[in-house]
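Let's take a walk through this structure together. Keep the sequence and the 3D view open while you read.

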Amino acid sequence: NKTVKDMYKICVIEGDGIGREVVPATVNVLKATGVDFEFVHAEAGDEVFEKTGVALPEETINTAKECDAVLFGAAGETAADVIVKLRKILNTYANVRPVKAYKGINCLKDNIDYVIVRENTEGLYKGIEAEITDGVYTATRVITREACEKIFKFAFEMAKDRKKQGKEGKVTCTHKANVLKLSDGAFKSIFYEVAKNYPEIKTNDFYIDAMNMYAVLRPETFDVVVTSNLFGDILSDGAAGTVGGLGMAPSANIGDEYGLFEPVHGSAPDIAGKGIANPTATILTGVLMLRYLGENKAADRVEKALEEVLENKLTTPDLGGTLTTFEMAEEVAKRV
Ligand code: ATP
Ligand code: MG
């Protein structure tokens, strides 16, 4: 819900591995939109850690905070100290992962188009672990009313927006309230409390195990799916698999003040430096960033250009084409 501005400052963190390829390729596509961007480059990840002993320099954090959005590639071994930390510092409580079937891609069904909204700040990711006695380990899963209310409100607002664009207008809550009676019992009941403020939006809820099956059997029936941190992590990788895999999966981390945009994949050291990394996930991440900034027309143009490129198989080898990362991105940029 940002107001459209004349110029945006974007903090660009390429990071490690294929981040150094897919991010510059995406920056070229963003430049082709004609939207006025100032790209401010900052360092984070394994390489800067090896040079300086710090994976996420103070300067990078400051740049991220000064900019209108952050575009992030990948961090290798230092991921936990970089991206997980950055999400925390910027308090991006919602992790948004669209699951959408594009023509020309090997998808489970051709009419898949939903969004997974994952709570990004608590659950099992609080990292509260202990060895309570010899050989007995515990991990504490934290669910708070405050974080639940925020993430559900976010999911319902997203469903409202999507309904305006012709989608069903439905939020599905997924949890394990039958076993985690207190914590996920609360998660589920707060979901239906928040739902009362959105009478125009349909609701339903499933146990996470069943949801996982439905994501394969009838993925076309979902619109917005909201869940807690670890369930969202597991569900979204599986869901990415139904629409072409990691090379196709974008994500956004959204908070009240900051937006941090990153492909779901990591640094992919096995293919780094070869020019064969698929830039689609990061280009789609750029589309999410444009929408966050309120530049919806530019976002539509990039998405349409990408659709054409995918349909015509002007792609990297993983999608059956013969182009390099930069060549594929150039085909998109040309059409923007
Ligand atoms: P990291 O520890 O940084 O997550 P990783 O070895 O787990 O690195 P990922 O980036 O998570 O690697 O990707 C897993 C595999 O999926 C890679 O080995 C790679 O073959 C493939 N892959 C990931 N991203 C892409 C992409 N953009 N284009 C093509 N293949 C990809
Ligand atoms: Mg990985």
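Before looking at any helix, one bit of arithmetic helps: the span to expect of a helix is 1.5 Å times one less than its number of residues. Also keep in mind that this is a predicted model.

Let's put that rule to work on helix α9, residues 280–292. With 13 residues, α9 reaches 18 Å from its first C-alpha to its last, close to the 18 Å expected at 1.5 Å a residue. So how much of α9 is buried? Eleven of its 13 residues are, so the helix is largely enclosed by the rest of the structure. The buried ones are T280, A281, T282, I283, L284, T285, G286, V287, L288, M289 and L290. After α9 comes G294, a residue with a positive phi, near 90°.

Helix α1, residues 19–32, passes the ruler test too. Its 14 residues should span 20 Å at 1.5 Å a residue, and the end C-alpha atoms are indeed 20 Å apart. Which residues of α1 are buried? They are G19, E21, V22, V23, A25, T26, V27, V29 and L30. Here, too, a glycine with a positive phi follows the helix: G34, near 80°.

Now for the strands. Strand β8 covers residues 170–175, and five of its six residues are buried, so β8 is largely enclosed by the rest of the structure. β8 runs parallel to strand β9 (residues 202–207), joined to it by six bridges. To get from β8 to β9, the chain passes through helix α6 (residues 183–195), making a right-handed β-α-β crossover. β8 also runs parallel to strand β10 (residues 224–227), with four bridges between them. A handy landmark in β8 is T172: it stands opposite N204 in β9, and T172 also stands opposite V225 in β10.

Another strand to find is β4, at residues 94–100. Is β4 mostly covered or uncovered? Mostly covered, with six of its seven residues buried. The pairing here is antiparallel: seven bridges join β4 to strand β5, residues 113–119, and three bridges join β4 to strand β11, residues 250–254, also in the antiparallel sense. This time the landmark is A94, which stands opposite E119 in β5 and opposite I254 in β11. As you look at strands, remember that in a regular strand the side chains alternate between the two faces of the sheet.

For a contrast with all that burial, go to G53, in the loop between α2 (46–52) and α3 (58–66). G53 has 7 other C-beta atoms within 10 Å and is exposed, because 12 or fewer is what counts as exposed. G53 and P219 are 166 residues apart along the chain, and their C-alpha atoms are separated by 44 Å.

Next, find ligand 1. What surrounds it? There are 17 residues around the ligand, and the closest are H265, G266, S267, A268 and N278. Sorted by class, this shell has nine nonpolar, six polar and two charged residues.

Finally, step back to the wider chain. An unreviewed UniProt entry places the feature "domain: Isopropylmalate dehydrogenase-like" at residues 9–332. Over that stretch the chain is 42% helix and 23% strand, with its end C-alpha atoms 22 Å apart.

Methods
Residues numbered from 1 in each chain as written. Chains lettered and ligands numbered in written order. Predicted model: local features only at pLDDT ≥ 70, side-chain atom pairs only at ≥ 80, totals over all residues. Near = placed C-beta within 6 Å. Nonpolar A, V, L, I, M, F, W, Y, C, P; charged D, E, K, R; others polar. UniProt positions renumbered as here; feature names shortened; annotations may be inferred. Helix = DSSP H or I, 4+ residues; strand = E, 2+ residues; numbered from the N terminus. Buried ≥ 20, exposed ≤ 12 C-beta atoms within 10 Å, placed from the backbone. Pairing = 2+ DSSP bridges. Right-handed = clockwise from strand over helix to strand, strands pointing away.
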